[in-house]
Amino acid sequence: MLTAAHRRRLRWLFAVVALVGLALDVVTKVVAVDQLEPGRPVPLLGGLLTLRLIRNPGAAFSTGEGITPVFALAACAVLVFVVVRLAPRLGHPAWSVALGLLCAGVSGNLVDRFVRQPGVLRGHVVDFLQLPHWPIFNVADMCITSAAVLIMVLSVIKNVGISGERYGRGSAPAEPVAATPTAPREAEDA
């Protein structure tokens, strides 16, 4: 049983991860916009990482470029759900980190949707990191991907629920056990 103080520490961990991730995403985007020129990539680490500035109106892999407001509203819904419904249930530190990373990533790209051109809810997300044979991304995308991996590990491999409860492999929710039929009394006496 978790104490109120322990749950409070887990919520603080969630908030700190979310705020640090968001700050890192915003700062790196400001620097990228200030220092990089579109169409002039900067190769680093022998070409392993390239800094290439683009503005993405869509979602991952530039999908859905015509429905940018839908992505913004969906991001708002995800943030509200995580903060209002999931964060109060936190009972495991790894879940606090996972949900903090998720909020950092979603809010990082949401900030772009609100403050960047061409306007509120239609803003284009700044992407500037590129690996070989991989779409261009940003720190917010890294946070979302890390959160997804961590949530999968916790849920599927470690079998740890958001409240810290552990599930056995293949176990189903507890159900009442049916009474075992007893053999007729006559059969025992025979």
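**View 1. Who aspartate 127 touches in this predicted model.** Skip the neighbours within four places in sequence, and aspartate 127 is in contact with Arg52, Leu53, Ile54, Asn56, Ile136, Phe137, Asn138 and Asp141. Aspartate 127 itself sits in strand 3. Its relative accessible area is 2%, so with the cut-off for buried set at under 20%, aspartate 127 counts as buried.

**View 2. Aspartate 141, over on helix 4.** Here we've moved to a residue found in helix 4. Again leaving out neighbours within four places in sequence, aspartate 141 is in contact with Asn109 and Asp127. Buried or partly exposed? Aspartate 141 has a relative accessible area of 23%, so it is classed as partly exposed, given that this class runs between 20% and 50%.

**View 3. The two aspartates and their UniProt label.** An unreviewed UniProt entry puts the feature "active site" at Asp127 and Asp141. Both Asp127 and Asp141 are included in the lining of the largest pocket.

**View 4. Inside the largest pocket, with a volume of about 680 Å³.** The lining is made up of 27 residues. Those nearest the pocket's centre are Ala59, Ala60, Asn109, Asp141 and Ile144. What kinds of residue make up the lining? The split is 18 nonpolar, six polar and three charged. At least two lining residues come from each of strand 2 (49-56), helix 2, helix 3, strand 3 (125-130) and helix 4. Helix 3 chips in the most, with five residues.

**View 5. The largest nonpolar core, 26 residues in all.** Phe14, Val82, Leu90, Trp95 and Leu99 are the members touching the most other members. Helix 1 (4-35), helix 2 (68-86), helix 3 (93-115) and helix 4 (139-157) are the elements that each give two or more residues to this core. Which helix gives the most? That's helix 3, with nine residues.

**View 6. Zooming in on leucine 99.** Leaving aside neighbours within four places in sequence, leucine 99 is in contact with Phe14, Val82, Leu86, Leu90, Ile151 and Ile162. Apart from the largest core lies another one, of nine residues. Ala32, Leu53, Phe128 and Leu129 are among the members of that other core. Leu53 has already turned up in View 1, as one of the contacts of aspartate 127.

Terms used. Residues numbered from 1 in each chain as written. Predicted model: local features only at pLDDT ≥ 70, side-chain atom pairs only at ≥ 80, totals over all residues. Heavy atoms only, no water. Core = buried A, V, L, I, M, F, W, Y, C linked by side-chain atoms within 4.5 Å. Buried < 20%, exposed > 50% of the residue type's maximum accessible area, 1.4 Å probe, protein only. Helix = DSSP H or I, 4+ residues; strand = E, 2+ residues; numbered from the N terminus. Contact = heavy atoms within 4.5 Å. 1 Å grid on protein atoms, 1.4 Å probe; cavity = no way out; pocket = protein on both sides within 12 Å on 5 of 7 lines; lining within 4 Å. Points joined across faces, edges and corners; volume = space filled by probe spheres on them. Nonpolar A, V, L, I, M, F, W, Y, C, P; charged D, E, K, R; others polar. UniProt positions renumbered as here; feature names shortened; annotations may be inferred.
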